[in-house]
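Me: I've got a structure on screen and I'd like the reasoning behind the labels people put on it. Can we go through them one by one?

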Amino acid sequence: MKAYRQPAIDSQHQEMKRPLSAKLGETLQMLRSIYDRCEYVTIHEFVLSNRRNAALIYIENLSGKEAIDKFVLVPLIAESSWLEAGESMKAIQEKIPVSKIYTVDQIADVIERVSIGYPVLLVDLEDQGLALGLSQSTNRSIEEPIAESIVRGSRDGFTENLMTNTSLLLRRIRSPKLKMNCIKIGRYTQTDVVITYIDGIADSDLVSEITARLKQIDVDGILESGYLEEFLEGNSYSPFPQFIATERPDVTCSNLLEGRIAILVDGTPFTIIAPTTFFSLLQSPEDYNNRFIIGTMIRWLRYLFIGISLLGPSAYIAILTYHHEMIPTILLLSIVESREDIPFPALIEALLMEVTFEALREAGLRLPKQVGPAVSIVGALVIGQAATAAGLVSFPMVMVVAITGIASFLTPHYTLGITIRMLRFPIMIMAGMMGLLGIILSLILIVVHLSTLRSFGIPYLTPLAPFKPNELKDVLIRAPWWRMTTRPSLAGAINKYRQAPGQRRNKKEGEGAE
């Protein structure tokens, strides 16, 4: 087996680690060699009012050019600025009316600041530079998340800007206990990744573990949070998601308050949350925004239709192929009559319809918004009608596939929905080969796999396996908020209680009033 060899560090990378030279000409020569054939980088040389040579390095599309002229060049060049010949870099800094100013002393620091839109000021006879907070960028406005729409709840969602996303969290959790550690990942992209947690609630060992795994990632670039999922997850070959991927700030904050850790990635609106369990992927923010009776009813409905989405076609195939006695006689005669001219067995018929339905679903997602829904709906109607008229599929099979498709839309998290859709096909094959026994064997294999799955050491089927009866009040039902006094025992349960006991009076309203 060939061992992995770390790529050799080239000469340009060695230059980037060099400190800034006190001679401006040498520093500019190094920067021009690094930014060779980079027309987007501007190196503007000028003379200060005290006759010292200086240079400003910036990317025009990322830095505010008007702000540079007004707040940097005019104060430093104008004779009225009264810069004396012997003034240090600190004195020059005081002449610049910019709130954010950082000191840089290496070529790598200059490149890092310039790449995020901070102009860097270099002055002759100074071995340090000033990075000025004059960045500008075109950001998408805060909008309602499309993939996680709800009826009752907040309407704002994460954007591609990391600063905007962190501010949305800070707006909800107004405590200095909310910690944010930033690291950079990617040799070329240098993507900012923020590890967010609440100190005193999240397990410090879990924070250290996630931070260590992130720092071990050595890759060319990170363009989406999905890249990090595959590096961090414990079982890469499991079809089940081991992170919660969300673009909702309220969902992220609720998980932070339960002791989980959120990972925000610059350039994507999707935040990943760990550790996660199977039942947390079945929960929706609307379960908690409505009254507990409504939330429990919606949750039971979701569980029912997720089961239909997974087992509906398989149960139809198994009963129709091997277990006719389970179907009422009148219904059986109707099904047999509709299948008289069908040339395929029930398994092939179901596979044909399911593959076609999944293709229409994906086509609707990839097409433009104005065309996609119309094409998917019209395509399903036309193809379904044409298939039944041509004698390829029966009317009951069309109904089963349609109900299954509707049931799959009740999965609150898109990643879990894809997993259920994918597992549907091998279960259908097992049902076509072995009947209900094949379905039972498939479910046993799935449960065994889920029982061995871990998300950062947390069993995936918590709180059923291991069994924790106190936490079932937020799994099988959604108990009233005043009853959920404890947090889920994720990793050590450092801060167990999330509210004081006795939040609700036992007396009915009006009792005891004089």
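Me: What share of the 514 residues of the protein counts as buried, and what makes a residue buried?
Reply: The figure is 45%. Buried means under 20% relative accessible area, exposed means over 50%, and partly exposed is in between, using a 1.4 Å probe and protein chains only. One caveat up front: this is a predicted model, where local features need pLDDT of at least 70 and side-chain atom pairs count only at pLDDT 80 or more, while totals for chains, interfaces and linings use all residues. Residues are numbered from 1 along each chain as its sequence is written, and side-chain values use heavy atoms, with hydrogens and water left out.

Me: How many helices and strands does the protein have, and what makes a run count as one?
Reply: There are 17 helices and 12 strands. Both are DSSP runs numbered from the N terminus: H or I over at least four residues for a helix, E over at least two for a strand.

Me: What makes β4 and β5 a pair?
Reply: Two strands pair if DSSP finds at least two bridges between them. Strand β4 (residues 120-123) and strand β5 (residues 129-132) are joined by three bridges, so they pair, and they run antiparallel. One bridge links L122 to G129 in β5.

Me: Which strands form the open sheet, and in what order?
Reply: Five of them, in the order β1-β2-β4-β5-β3, with antiparallel pairing. In general, strands of a sheet pair through backbone hydrogen bonds, either parallel or antiparallel.

Me: Why are β1 and β3 called edge strands?
Reply: β1 (41-47) and β3 (101-104) each pair on one side only. Neighbouring strands of this sheet are turned by 25 degrees against each other on average, ignoring direction. The axes behind such angles are lines fitted to C-alpha atoms, for helices over the stretch in contact, and angles run from 0 to 180 degrees between N-to-C directions.

Me: Which helices go with these strands?
Reply: Helix α2 (residues 24-34) packs on the sheet and touches β1, β2 (53-59) and β4; here contact means heavy atoms within 4.5 Å. The direction of α2 makes about 20 degrees with that of β2. Helix α3 (residues 65-77) lies across β1, β2, β4 and β5, at about 25 degrees to β1.

Me: Why is α6 called oblique to α9?
Reply: The axes of helix α6 (residues 162-172) and helix α9 (residues 249-257) come within 10 Å and cross at roughly 60 degrees. Under 35 degrees counts as roughly parallel, over 145 as roughly antiparallel, 65 to 115 as roughly perpendicular, and the rest as oblique. That crossing therefore makes α6 oblique to α9. The contact involves L168, L169 and R172 of α6, and P249, D250, T252 and C253 of α9.

Me: What is notable about phi at R37 and L125, and how do you know whether each is buried or exposed?
Reply: R37, in the loop between α2 and β1, has phi near 60 degrees, a positive value in a residue other than glycine. Its relative accessible area is 73%, so R37 is exposed. L125 sits in the loop between β4 and β5, with a positive phi of about 70 degrees although it is not a glycine. At 64% relative accessible area, L125 is exposed.

Me: Where are the cis peptide bonds of P275 and P466?
Reply: One joins A274 and P275, with omega about -5 degrees; P275 is in the loop between β10 (271-274) and α10 (286-289). Another joins A465 and P466, with omega about 5 degrees, and P466 lies in the segment after β12 (458-459).
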